[in-house]
Amino acid sequence: MKQRQAFRTAFPNHRKLPRRLPIAMWRAVQLASIAMLVGLCFLLGSRPEAGLKLFWQVIIPFLPLLLFTAPGVWRNICPIATINQLPSHLGISMLRKVPGTLRRHSLWISAGLLSLIIPLRKLVLNSDAAALAICFVGVLAVAFVMGCLFKGKSGWCTSFCPVLPVERLYGQTPFVRALNAHCEPCRVCTTNCYDRNPPIAFLEEQFRGNRNSDSALSAFAALFPGLIAGYYTISEPVELAVLEVYGYFGICMAVSAVLCWLLSALTRWNAGYRTMLFTILAFNLYYWFNAPLIAELIASPWPTSVLWTLRSLVFCLSVMWGVRTFRLQRQYHQLIASSTAISSPFSSMMSADLELNEKIGSKNQD
Ligand code: SF4
């Protein structure tokens, strides 16, 4: 009984959390975010310089912070997610199941897409407003079609979206939980669903998920700091050939992976702790390089103190996140160990989210 209570305290049933904002308000914000994306596309067409600056220098530098602190808020208001969910809301989705092979390898696919897109920023997207606008329209079209074909968010947001691997890493221990404002009712489309309960979804995926997604998540965590370092250490405008750019990114990611392997060999930390550490590293690296950009928004020319204050704040935030994540992981392992020790069926002491997760898992087995 005590263990069951401990589990419920550590991993509260997401559906029983209070809904702070009514659904109608979320819908209004979702429509506003689509309008903003359409406005941005027009701006990219009419005033390319301003459009590129707004997107790359004002919006994008703050997105990882939102994913790190309140991933559910982003998943509720992302315009691409809203377009993906439109067929569901309109009742025109065919509600199909994503084919098993694609589903099992979806994290590899989304991480691969991200690794292709980041270097593409350097090559084209940072400087070519028309290409960026075409990219937005293309992604919106794909997300809509996937929403027409597949049930819930399984055709895009919980499978192939290139931002998903970052959401999974950064969203392990949200500081602010926002209830899912899209899936009413839940169509049980995704095992370890981040829209239902992010902490337990991450832990289940990391420690009890299918081998593909588990290894994909760990591998992506090991490579991700290299991807960020690669982006910020290559000069712009790029004077290298396309293959050389991708080769440079590949080398940076390989160095990052080797560091992760060394950490694993020297400390014998489990995959969860390694992933946590490399997530912290990636987050700090990102803001280390972005601090001058953000400082410029606050004060121009920016004093050095602003720069170091920003970097220190990010570091402190990531340490707090790390402590919370470490505690949650330890609690999870203790609860699993104790439930095994008294040989009670694990599911009997899980929160409802976990029980549902298991049901979806078995339902989705091919
Ligand atoms: S499992 Fe449910 S909550 Fe999660 S994405 Fe699918 S429909 Fe939405």
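1. Pro 237 sits in the loop between helix 12 (211-233) and helix 13 (242-267), helices here being DSSP runs of H or I, at least four residues, numbered from the N terminus. The peptide bond that leads into Pro 237 from Glu 236 is cis, with omega near 5 degrees.

2. Some housekeeping: residues are numbered from 1 along each chain as its sequence is written. The model is predicted, so to speak with filters on: local features need pLDDT of at least 70, side-chain atom pairs count only at pLDDT 80 or more, and totals for chains, interfaces and linings use all residues.

3. The loop between helix 10 (164-170) and helix 11 (198-208) holds Pro 185, and a cis bond with omega about 0 degrees joins Glu 184 to Pro 185. Asn 192 is in that loop too, and has a positive phi of about 55 degrees despite not being a glycine. Asn 192 has 25 other C-beta atoms within 10 Å, so it is buried (20 or more such atoms; exposed means 12 or fewer, partly exposed in between, with C-beta atoms placed from the backbone).

4. Val 188, also in the loop between helix 10 and helix 11, has a positive phi of about 40 degrees. Val 188 counts as partly exposed because it has 19 C-beta neighbours inside 10 Å.

5. On to the ligand: 13 residues surround it, and Gly 152, Cys 183, Cys 186, Cys 189 and Cys 193 come nearest (near means a C-beta atom, placed from the backbone, within 6 Å).

Conventions. Helices (H or I, at least four residues) and strands (E, at least two) are DSSP runs, numbered from the N terminus.
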